[in-house]
Amino acid sequence: TDYALLLISRYRDELRTTTDRRQAMATALRRTAEAVTSSALTVFVGLLTLLLSLFPATRGLGLACAVGVVVAAIFVMVMLPAVLVCFGRWIFWPRVPRAGEARLSEGQSGWRRIGDAVARRPWTFVVTTLVLLGIAAGGISQIRTGLSDADQFLRKPEAIAAGERLAESFPAGSADPVRIITESDPAAVTSAVEGVSGVSSVRPGPTGDGLSEIQVVIAADSGSAAARQTIGDLREAVDRFPQTYVGGSEAKALDTAAASARDRWVVLPIILGLVLLALIVLLRSLVAPLVLVATVVATYLSSLGISWVLFTQVFGFERMDDGAPLLAFVFLVALGVDYNIFLVTRAREESREHGAREGMLRGLAATGGVITSAGILLAAVFAVLGVLPLVVLAQIGIIIGVGVLLDTLVVRTVLVPAIALLLGDRFWWPRRTRVVA
């Protein structure tokens with residue numbers, strides 16, 4: 001959608017400069033090819049970093065989305081131009097562009113007026129926006145991750161309701177006991193487990209092929225900190241027995257949390273590094289990529305903070321799914337890179353004739369509409385995830401929806417232009433902006 005909107009917007013703009021729609025498309029395609037290709041390659045490589053995840057589902061999602069991005073870019077660069085040219089100008093009805101009309105970068109549109117307002121007081125907009133983003137990101141210090149089985153669904157299924165009813169009359173872990181599998185002496189393992197704090201009962205399970213199962217009922221509620229502590233204590237207690245493993249839903253949740261934390265520490269820095277490298281190659285600059293990556297991170301942190309407030313105060317979620325922060329980061333970085341590239345490549349193009357300051361204002365005027373349209377559309381698409389029965393999908397949809405709106409309405413419209421206006425030619429350092437007479 002982003003790539004198509006960028007090409008269509010540029011094609012429509014070029015139709016205002018010539019009566020030949022083929023020439024208009026050739027110019028539009030030439031001017032957007034670099035942005036679309038660079039964005040697609042960056043997002044493609046970024047999504048492939050999900051192959052480093054410990055979760056098969058996450059690896060599969062990363063590969064599928066990476067392939068999808070490449071297919072989408074090819075269709076936008078090959079199929080869409082042919083279709084648009086075949087249908088002629090009337091495809092834009094009722095606002096058909098005519099040769100001789102003012103281009104987006106030349107008129108006094110709403111986006112140009114916003115840019116002029118930012119240009120008059122760039123420091124004010126930078127400081128105010130950063131303060132607001134910082135306040136929004138303040139909620140991340142309160143985030144708690146790790147959804148229990150009972151909290152995975154927006155509507156409580158029958159199996160969860162039955163387990164909760166059972167917990168009212170029996171120890172909370174009765175419905176889903178911890179299962180210890182061992183090749184050691186089951187009696188010795190049982191003796192060690194019985195002394196662990198938080199254990200309500202221990203009973204032998206089936207045996208076979210040299211393996212013995214021991215079922216342990218814990219007193220703590222599912223998903224609670226006490227339950228996780230008990231699992232840790234159980235693993236400590238059986239650590240001295242060879243080939244002995246603590247399993248079950250609570251143990252799986254603890255392992256999932258640890259694997260998710262590992263994925264975040266490994267995948268997130270790699271994605272940021274790849275995005276930074278791609279922007280450096282595309283823009284042939286050092287300052288601009290650093291600024292743009294910093295704004296993407298600020299958008300992500302702010303969206304997490306705002307979403308956490310919505311989760312706890314509006315939707316009644318007590319925790320965030322372990323995988324939600326990573327997946328939301330990947331998609332927000334992908335979308336943020338799109339919008340960054342759309343804005344700065346047009347600003348760089350305009351700066352060759354009008355200088356860095358005017359080039360940024362003209363770039364904002366030309367791309368503000370397409371970026372905002374894409375952002376609002378995609379925010380609505382991700383918001384649809386909120387009606388699905390799984391909490392993790394609802395949470396990912398809300399985080400991305402909030403982040404996209406922040407990015408398109410605040411960061412890409414106000415913060416980035418304000419910083420670029422303050423830095424002037426230094427924004428493109430070490431590349432020099434040459435004004436063509």
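Two residues count as being in contact here when heavy atoms of theirs lie within 4.5 Å. Keep that in mind for S38, which touches L282 and I341 once its neighbours within four places in sequence are left aside. S38 itself sits in helix α2, residues 21–48. Is S38 buried or exposed? Its relative accessible area is 17%, so S38 counts as buried, given that the cut-off for buried is under 20%.

Now step back to the whole chain. What you're looking at is a predicted model. The protein chain has 437 residues, and 47% of them count as buried. Its C-alpha atoms fill a box of roughly 90 × 45 × 35 Å, taken along the principal axes. In terms of secondary structure, there are twelve helices and four strands. Take the contacts with a separation of 6 or more: residues 24 or more positions apart account for 77% of them.

Next, the inside. In soluble globular proteins, nonpolar side chains tend to be buried together. In this model, the largest nonpolar core has 93 residues. Which residues have the most contacts inside that core? They are Y3, Y11, Y339, I399 and I400. Helix α11 supplies the largest share of this core, with 27 residues. To see how one of these hubs is placed, click on I400: setting aside its neighbours within four places in sequence, I400 is in contact with A328, F331, L332, L335 and F382. There's also a second, separate core of 20 residues, which includes V178, V189, A192 and A220.

Stay with helix α11 for a moment, since it spans residues 324–383. Another of its residues is T372. With a relative accessible area of 8%, T372 is buried. Not counting residues up to four places away in sequence, T372 touches W111, T408 and L409. For a sense of distance, compare L422: it is 50 residues from T372 along the chain, and the C-alpha atoms of the two are separated by 23 Å.

On to the rings. The structure holds eight aromatic pairs. One of them joins F311 and F317, a tilted pair with 5.7 Å centre to centre and 55° between the planes. F311 and F317 are both buried. Another pair is Y339 with F342, arranged edge-to-face at 6.5 Å centre to centre and 65° between the planes. Both Y339 and F342 belong to helix α11, three residues apart, or about one turn of the helix. Why do these two count as buried? Y339 does because its relative accessibility is 0%, and F342 does because its value is 2%. Y339 is also one of the residues with the most contacts inside the largest nonpolar core. Back at F311 and F317, ring pairs link those two and F315 into a cluster.

Finally, have a look at how two helices meet. The axes of α8 (residues 225–237) and α9 (residues 249–283) come within 10 Å and cross at roughly 95°. That crossing angle is why α8 counts as roughly perpendicular to α9. On the α8 side, the contact involves A227, R228, I231, G232 and R235, which meet E250, A251, L254 and D255 in α9. What kinds of residues make up this contact? Four are nonpolar, one is polar and four are charged.

How values were computed:
Residues numbered from 1 in each chain as written. Predicted model: local features only at pLDDT ≥ 70, side-chain atom pairs only at ≥ 80, totals over all residues. Heavy atoms only, no water. Phe/Tyr/Trp six-rings, centres within 6.5 Å; stacked < 30°, edge-to-face > 60°. Buried < 20%, exposed > 50% of the residue type's maximum accessible area, 1.4 Å probe, protein only. Axes fitted to C-alpha atoms, helices over the stretch in contact; angles between N-to-C directions. Parallel < 35°, antiparallel > 145°, perpendicular 65-115°, else oblique. Nonpolar A, V, L, I, M, F, W, Y, C, P; charged D, E, K, R; others polar. Core = buried A, V, L, I, M, F, W, Y, C linked by side-chain atoms within 4.5 Å.
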